Amino acid sequence: MSTGPGTPSVPAPPPAHETPPTPAEVPEAPPDTAGSVKPRAPMPTDPPAIPGPPAPEQAAPAPDKGPAASAPDAPAPVARERVSMFRSLRVRNYRLFFVGQVVSNIGTWMQRIAQDWLVLSLTGSSTAVGVTMALQFLPMLLFGLYGGVLVDRFPKRRLLFVTQTSMAVTGLALAALTISGHVQVWHVYVAAFAVGMATVVDNPARQSFVSEMVGPEQLQNAVSLNSANFQSARLVGPAVAGVLITTVGTGWAFLYNGLSFIAPITGLLLMRTRDLHPVRRAPRAKGQLREGLRYVARRPELLWPIVLVGFIGTFGFNFPVWLSAYADDVFHADAGSYSLFNTLMAVGSVAGALLAARRGTARLRVLIGGALAFGLLEIVAALAPTYWMFALLMVPIGMFGLTVNVTTNTAIQMNTDPAMRGRVMALYMMVFLGGTPLGAPIAGWATDAYGARAGFVAGGVVATAAAVVVGLVLVRAGGLRLSVGWNHGHPKVRFVPKEQAEGSAVPVTTAA
């Protein structure tokens with residue numbers, strides 16, 4: 001991912017500001033002398049920075065040990081440590097957090113499936129399903145930035161106690177209404193809005209708390225595993241929800257979700273606070289919300305990925321509307337088929353998350369390519385003529401959708417100052433999830449008025465167009481050109497600086 005406007009195709013370096021240095025740790029630099037070397041600005045072809053111990057103020061020259069020590073052509077061998085896909089789980093606090101989220105995420109997906117199917121059963125309207133989604137994500141759109149300010153001001157672990165408890169109470173209340181037979185559609189609307197209000201603080205708190213548990217070195221791996229965790233729950237949650245809905249009713253899915261919050265709350269209680277990586281909290285002051293917006297606006301590597309996921313989240317991720325309509329209207333199936341569609345999408349999402357966990361970097365071409373493939377596959381799936389062709393296309397759609405999400409999330413966190421991370425992540429989640437109140441009713445209306453296929457195609461077209469436009473903007477802003485060449489008999493496509501493409505000795509084909 002980009003580390004600046006001129007390097008959107010190189011790996012994003014890990015942040016070097018997790019623990020702000022004190023004056024005693026980093027002495028003031030001496031005046032420039034003949035023997036000093038000023039640091040140069042990073043170039044687009046520079047490799048990513050590797051964090052290490054702080055260097056002394058002035059290193060003494062090494063004693064001469066002969067030709068072997070002074071030969072410039074004999075670099076010292078570098079020991080390469082084997083990279084584990086699950087390396088961040090070695091951290092005890094993160095392991096507790098991860099296990100708690102496994103249990104809770106299963107309940108979350110069970111409630112999502114049960115909630116959508118309950119509203120569709122009570123009203124028979126895809127628009128009503130869209131309204132439910134809108135109410136759940138409307139608070140993020142209205143108050144998301146204020147939630148980020150709170151996350152930057154207060155300890156994130158304490159905030160998570162409050163938010164997780166409030167969501168547990170909401171799930172138990174909805175379960176009691178449904179099991180007793182007194183539930184009405186407005187009850188579901190109120191519950192969805194209440195969960196949305198808790199999410200305003202819970203989402204940026206959970207996202208930014210990851211760095212405090214694992215530190216900057218394991219951040220990308222932990223973010224990817226979080227996504228794999230959430231998407232893996234889709235393999236279990238929808239399947240269990242489908243069985244419960246068809247056998248004993250939707251209320252029992254709500255009950256499990258309410259009780260499942262015991263696991264993450266217990267994990268938070270068992271954490272060792274001394275093992276956390278402390279970050280500087282923002283003091284209470286005026287203008288902090290505007291400060292966060294200005295911070296993002298000045299950094300293209302943050303701004304344009306957020307714009308891209310905003311369009312995709314608003315118009316391309318309305319799957320509860322589309323999949324319920326395909327199961328009910330197009331293929332004339334039941335809740336089990338709706339659960340199957342979500343489960344197959346989860347298979348692809350887990351694969352995308354695990355692939356992201358193996359990657360050590362977040363790159364522009366991965367983000368733009370994933371978004372483009374996601375939009376095109378939505379169009380193809382919308383026109384699929386058979387039930388099983390549509391169902392199987394959910395796998396690659398889930399994989400590329402998750403690739404976009406993880407790549408953007410990781411790049412934003414790694415390129416954001418810790419003191420600003422809560423506000424930046426709140427803005428990211430506000431755009432990604434908060435666009436649903438706008439997109440879901442539109443998708444529901446288009447589905448009711450023109451059919452499920454037309455609504456799904458429209459979402460894919462918007463996602464594809466957004467990927468193309470944002471990709472071109474980033475390439476132009478970064479002063480890059482598309483380089484197409486050959487590497488050992490295979491085509492090689494990459495973005496390179498214009499100067500490198502024009503002055504390369506290897507024949508390449510470039511396009512602006």
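The legends below describe close-up views of a predicted model.

The model is predicted, and local features were required to have pLDDT of at least 70, side-chain atom pairs were counted only at pLDDT 80 or more, and totals for chains, interfaces and linings use all residues. Residues are numbered from 1 along each chain as its sequence is written, and side-chain values use heavy atoms, with hydrogens and water left out.

**View A. A nonpolar surface patch made by residues including Leu142 and Phe193.**
Leu142, Phe143, Tyr146, Phe193 and Met197 make a nonpolar surface patch of about 470 Å². Patches consist of residues with over 30% relative accessible area and no salt bridge, where like charges are joined within 9 Å and nonpolar side chains (Val, Leu, Ile, Met, Phe, Trp, Tyr) within 5 Å; accessible areas come from the Shrake-Rupley method with a 1.4 Å probe, and for residues only the protein chains shown count as cover. Helix H3 (126-153) and helix H5 (185-214) are the elements that give two or more residues to the nonpolar patch, helices being DSSP runs of H or I with at least four residues, numbered from the N terminus. H3 provides the largest share of the nonpolar patch, 3 residues. Tyrosine 146 lies in helix H3 and is exposed, with a relative accessible area of 54%, where buried means under 20%, exposed over 50% and partly exposed in between (1.4 Å probe, protein chains only).

**View B. The packing of helices H3 and H11.**
H3 packs against helix H11 (residues 319-330) at an angle of about 155°, and their axes are 9 Å apart. Because of that angle, H3 is roughly antiparallel to H11, a term for angles over 145 degrees. The axes are lines fitted to C-alpha atoms, for helices over the stretch in contact, and angles run from 0 to 180 degrees between N-to-C directions. The crossing in which H3 passes H11 is right-handed, which applies if the near helix is turned clockwise from the far one by less than a right angle.

**View C. Salt bridges that link distant parts of the chain.**
A search of the whole structure finds 5 salt bridges, each defined as a side-chain nitrogen of Lys or Arg within 4 Å of a carboxyl oxygen of Asp or Glu. In one of them, the side chains of aspartate 152 and arginine 423 meet at 2.7 Å, N to O. This pair links distant parts of the chain, with aspartate 152 in helix H3 and arginine 423 in helix H15 (residues 421-434), 271 residues apart. Both aspartate 152 and arginine 423 are buried. Another salt bridge brings together the side chains of lysine 156 and glutamate 212 (2.9 Å, N to O); lysine 156 is in helix H4 (residues 156-179) and glutamate 212 is in helix H5, 56 residues apart. Lysine 156 counts as buried at 6% relative accessibility, and glutamate 212 counts as buried at 11%.

**View D. A salt bridge within helix H5.**
Aspartate 202 and arginine 206 form a salt bridge in which the closest N and O atoms are 2.6 Å apart. Because the two residues are 4 residues apart in helix H5, about one helical turn separates aspartate 202 from arginine 206. Aspartate 202 is buried, with a relative accessible area of 3%, whereas arginine 206 is partly exposed, with a relative accessible area of 21%.

**View E. The surroundings of alanine 382 in helix H13.**
Alanine 382 belongs to helix H13 (residues 364-382) and counts as buried at 0% relative accessibility. The C-alpha atoms of alanine 382 and alanine 458 are separated by 9.3 Å, and these residues are 76 residues apart along the chain.

Conventions
Parallel < 35°, antiparallel > 145°, perpendicular 65-115°, else oblique.
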